[in-house]
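Hi,

Here is the model I promised to pass on. Have a look at it first, and my notes follow underneath.

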Amino acid sequence: MPSAVRYGIIGAGAVADFHHVPGILLDPRSSLTAICDPNQALLDQRQSEWGPLKAFTDYRQLAADPDVDAVIIATPNFLHREQALECARHGKHVMCEKPLGLNFQESAEMYRAARDAGVRHMTAFTYRFAPSMRYVRHLVKTGLLGTPRHFRSQRFLDLPETSWGWRQNKQSAGAGDLFDMTIHRIDFAQDLLGPIRTICGAVAQFAPRDRTADGLPCPPSEVDDWSSLIGFFESGAVGVWEGSTLMKGHNNGGVGYEWAEVNCSEGSAAYQLTDPNNIILSRNGRDLEKLPVPSEFLKAPGSPRDPSHGKPSTVFRYDLVYELTSAIIEERDAVPGFHDGALAQAVADSVLISFDQRRWVDIQADLG
Ligand SMILES: NC(=O)c1ccc[n+]([C@@H]2O[C@H](COP(=O)([O-])OP(=O)(O)OC[C@H]3O[C@@H](n4cnc5c(N)ncnc54)[C@H](O)[C@@H]3O)[C@@H](O)[C@H]2O)c1
């Protein structure tokens, strides 16, 4: 019997392999039927790794394929818009990687196209699915910690200072750490505390990245490798974010360092990517302590994933596809949607405007 949701993937690179294919294969309700990538050698490799599949080098063919119900777009950032619009035109449900577009205008257009086509749409904001993040959200939303006052996010990677390929060109990536890493943290901050009203931000670049990993010369990086912002939420709460891909000593087996904390009137809660099945918690003035995340928050409700299997900082990523599959079958919106991707993008764009013009920027995000 064919599965309920047949997936096609555009872009057969790193994130498709790390997050999305395991997520599709884990759930009996979903299957992978087609892939698209202009790199023929990679297509051949993926056919042997992922199973016999339809393979295309032109995304338009995959978007039009009648054997595909839903598409995952996992390509360089500058391709997201045109590929998502094509999928929506063909009535395909679509999950698109972050940043949704190269700027808010693109992202909002993608949202409107998916909405108007009546397809399910999702932005791949991975860290919303981390167990301790899910539990922090529960504690904040149910008021168990009182009124939120401060949000704090630090995301550090210690990556080699060699070329980042497409990620270091403005035309193909839009921005560096800001659009690659900090945008996730802008999203989950808005998910936890509501819309951000105004921000002041900055970016910086320390590594020229003018050599490939093999030591060959290449055009230097045009984008930031450090980004930061401070902001006020509409609720009156305040936030501070910092991200870097060059934080020496924070490699940590490639996972890096991540800490996100909410301080409320009755207590504080913190999530760590490196230890996502535990939470750091304090209530009613007691000291912060590490506690296990309750079992009902270890995975998306109903997910077939066994949370005791695999590396905790990896396996929650498989729940993204579970969410889109569930939304399609249950005929409801997927969370987070394209509008969430666009709203995070509006804040990230404003960081660049703020730094260019050395001023505070009020967030403008009319989705139309
Ligand atoms: N959600 C997350 O946590 C997360 C993690 C990593 C990457 N990402 C995002 O995923 C996207 C891809 O990142 P990646 O690390 O997998 O990059 P990658 O370079 O490993 O893979 C991108 C793939 O897209 C292919 N491609 C290029 N042009 C194409 C076209 N016209 N049609 C089809 N395929 C094409 C490339 O050949 C490559 O195989 C980016 O937007 C990135 O920001 C998100």
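Before the notes, one cut-off: a residue is called buried here if 20 or more other C-beta atoms lie within 10 Å of its own. R209 has 25 such atoms within 10 Å, so R209 is buried. Keep in mind that this is a predicted model.

R209 caught my eye for its backbone too: phi is near 50°, a positive value in a residue other than glycine. You'll find R209 in the loop between β8 (196-204) and β9 (226-233). N252 is another non-glycine with a positive phi, about 55°, and sits in the loop between β10 (238-244) and β11 (257-264). N252, however, has 15 C-beta neighbours inside 10 Å and therefore counts as partly exposed. For context, most residues other than glycine have a negative phi, and most peptide bonds are trans.

On that last point, there are cis bonds to look at. K98 and P99 are joined by a cis peptide bond with omega about -15°, and P99 belongs to the loop between β5 (93-96) and α5 (104-117). V335 and P336 are also joined by a cis peptide bond, with omega about 0°; P336 is in the loop between α10 (319-330) and α11.

P336 turns up again around R128. Leaving aside neighbours within four places in sequence, R128 contacts M133, F188, D191 and P336. R128 lies in the loop between β6 (121-123) and α6 (131-141), and counts as buried because it has 22 C-beta neighbours inside 10 Å.

Now the overall layout. The protein is divided into domain 1 (5-126) and domain 2 (127-314 + 344-355), with their C-alpha centres 24 Å apart. Where they meet, 15 residues of domain 1 are in contact with 19 residues of domain 2. On the domain 1 side, the touching residues are eight nonpolar, five polar and two charged.

What about the core? The largest nonpolar core has 100 residues, and V71, V94 and V136 have the most contacts inside it. Helix α11 (residues 338-357) gives the most to this core, with 10 residues. Both domain 1 (5-126) and domain 2 (127-314 + 344-355) give residues to this core, so it lies between them. To get a feel for one of its members, try V71: beyond neighbours within four places in sequence, V71 is in contact with G8, I10, L62, A63, C87, K92 and V94.

There is a ligand as well. It has 23 residues around it, of which G11, G13, A14, V15 and E97 come nearest. Helix α1 (residues 14-26) gives the most to this shell, with three residues. By class, the shell has 13 nonpolar, six polar and four charged residues.

As for the sheet, nine strands form an open one with mixed pairing, in the order β14-β13-β12-β11-β7-β10-β9-β8-β15. Its edge strands are β14 (289-292) and β15 (361-362), each pairing on one side only. Within it, β12 (residues 267-272) and β13 (residues 278-283) pair in the antiparallel sense over four bridges, and A269 has L281 in β13 as its bridge partner.

Last, a contact across the sequence. S172, in helix α7 (residues 170-173), is 94 residues from F78 in sequence, yet their C-alpha atoms are 4.8 Å apart. Leaving aside neighbours within four places in sequence, S172 is in contact with P76, N77, F78 and W166.

Cheers

Notes
Residues numbered from 1 in each chain as written. Predicted model: local features only at pLDDT ≥ 70, side-chain atom pairs only at ≥ 80, totals over all residues. Core = buried A, V, L, I, M, F, W, Y, C linked by C-beta atoms within 7 Å. Buried ≥ 20, exposed ≤ 12 C-beta atoms within 10 Å, placed from the backbone. Helix = DSSP H or I, 4+ residues; strand = E, 2+ residues; numbered from the N terminus. Domains from an automatic or database assignment. Contact = placed C-beta atoms within 7 Å. Nonpolar A, V, L, I, M, F, W, Y, C, P; charged D, E, K, R; others polar. Near = placed C-beta within 6 Å. Pairing = 2+ DSSP bridges.
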